[in-house]
Amino acid sequence: MKYLLLFVLITFSNLSSADKWGSPEVTSALSENSTVVVRIIPGEGFLNHEPDSSEKAFAKALYFKWNGIDAYNLYQEVKLKNPASPIKVLVADDGTLVTIDNWYSTGSGKVIVIYAPNGELIKEYELAELFPNKSDFDKLGRSVSSIQWRCLELEPDLRYGYLYVPHVLGGSLRFSLKTGALDKIKPDSTCK
């Protein structure tokens, strides 16, 4: 009987922190003034965060600009730092691109990446760089494949040249879109 109880406890404790990930799909982001669209094509990578992997293993971004008359024209393609796909993508009016988190492994690899309008890397961050204090890092929720660090009830957004990302410990992380510099902003409210 005690072995049955132990089996049930182990089985259900593992299920409570399990993740379910479908295959990543093609997504897109539209700038606020609707002049730039970035389309994300998933890569074939799974948990391989090594940027030296084959070109097709990583996601790519296709940039389109409104021609002012009747169509969006492709103007550049950029290999992203995401093995499969980013979870969240934002694009500024000037074409600055931000990718947040990684498909199949939230909180692993490059969790924040900022690309200049020409597609060049401005700055990339791993989670340990965002939460360098070990006690803060240890407070982040975990599941089988992911570390839950973002406040999912509050969306990241672009305002006045900055990216704001609310996090689960309360407050937001603020990144300059020009330099990638990071500031921590104290909470107005806590993440639910």
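**Note on the predicted model: contacts between strands, and the cores**

1. Glu-77 and Lys-60 make a salt bridge in which the closest N and O atoms are 3.6 Å apart. Because Glu-77 belongs to strand 4 and Lys-60 to strand 3, the pair ties together parts that are 17 residues apart in sequence. Lys-60 itself counts as partly exposed, with a relative accessibility of 31%. This is a predicted model, and the remarks below should be read with that in mind.

2. Strands 3 and 4 also share an aromatic contact, between Tyr-63 in strand 3 (residues 60–66) and Tyr-75 in strand 4 (residues 72–79), which are twelve residues apart in the chain. The ring centres lie 5.8 Å apart and the planes meet at 65°, so the pair is classed as edge-to-face, given that plane angles over 60 degrees fall in that class. The two partners can be set side by side in their accessibility: Tyr-63 is buried, at a relative accessible area of 0%, whereas Tyr-75 is partly exposed, at 36%. In total, the structure contains five aromatic pairs.

3. Tyr-63 also takes part in the pairing of the strands, since it is the residue in strand 3 that stands opposite Val-38. Strand 2 and strand 3 are antiparallel to each other and are joined over six bridges. On the N-terminal side of this arrangement, strand 1 (residues 27–30) pairs with strand 2 (residues 36–41), again in the antiparallel sense, over four bridges, and Thr-27 has Ile-40 in strand 2 as its bridge partner. Strand 1 and strand 2 form a hairpin with five residues between them, and within that turn Ser-34 adopts a positive phi of about 65°.

4. Which other residues have a positive phi without being a glycine? Asp-101 is one of them, with a phi of about 65°; this residue lies within strand 6 (residues 97–102) and counts as buried, at 0% relative accessibility. Tyr-104 is another, with a phi of about 80°, and is placed in the loop between strand 6 and strand 7. Tyr-104 is likewise buried, at 14% relative accessibility. A colleague inspecting the backbone may wish to view these two positions together with Ser-34 in the hairpin turn.

5. Returning to charged pairs, the whole structure holds eleven salt bridges. One of particular span joins Lys-88 to Glu-155, with the closest N and O atoms 2.7 Å apart. Lys-88 is in strand 5 (residues 86–91), while Glu-155 is in the loop between strand 10 (147–148) and strand 11 (157–159), so that the pair links parts of the chain 67 residues apart. Lys-88 counts as partly exposed, its relative accessibility being 23%.

6. Glu-124 and Lys-110 form a further salt bridge, the closest N and O atoms being 3.5 Å apart. Here strand 8 (residues 121–126) supplies Glu-124 and strand 7 (residues 110–115) supplies Lys-110, the two residues being 14 residues apart. Lys-110 counts as buried, at 18% relative accessibility. The contact is part of a wider arrangement, in which Lys-81, Lys-110, Glu-124 and Glu-126 are linked in a network of salt bridges.

7. Two charged side chains are placed over aromatic rings. The charged end of Arg-159 sits over the ring of Tyr-164, 4.0 Å from the ring centre, and the charged end of Lys-79 sits over the ring of Phe-58, 5.1 Å from the centre of that ring.

8. The largest nonpolar core comprises 19 residues, and those touching the most other members are Ile-100, Ile-112, Leu-127, Leu-130, Trp-149, Leu-163 and Phe-175. At least two residues come from each of strand 6, strand 7, helix 2 (127–130), strand 12 (162–166) and strand 13 (172–176), and strand 7 gives the most, with three. Leu-127 may serve as an example of the packing: leaving aside residues up to four places away in sequence, Leu-127 touches Gly-107, Gly-109, Val-111, Phe-137, Leu-140, Ile-147 and Trp-149. Apart from this core lies another, of 14 residues, which includes Ala-59, Tyr-63, Val-89 and Val-91. Tyr-63 therefore appears once more, as a buried residue at 0% relative accessible area.

Note on methods
Residues numbered from 1 in each chain as written. Predicted model: local features only at pLDDT ≥ 70, side-chain atom pairs only at ≥ 80, totals over all residues. Heavy atoms only, no water. Phe/Tyr/Trp six-rings, centres within 6.5 Å; stacked < 30°, edge-to-face > 60°. Buried < 20%, exposed > 50% of the residue type's maximum accessible area, 1.4 Å probe, protein only. Lys NZ or Arg CZ within 6 Å of the ring centre and 35° of its normal. Pairing = 2+ DSSP bridges. Salt bridge = Lys/Arg side-chain N within 4 Å of Asp/Glu carboxyl O. Core = buried A, V, L, I, M, F, W, Y, C linked by side-chain atoms within 4.5 Å. Contact = heavy atoms within 4.5 Å.
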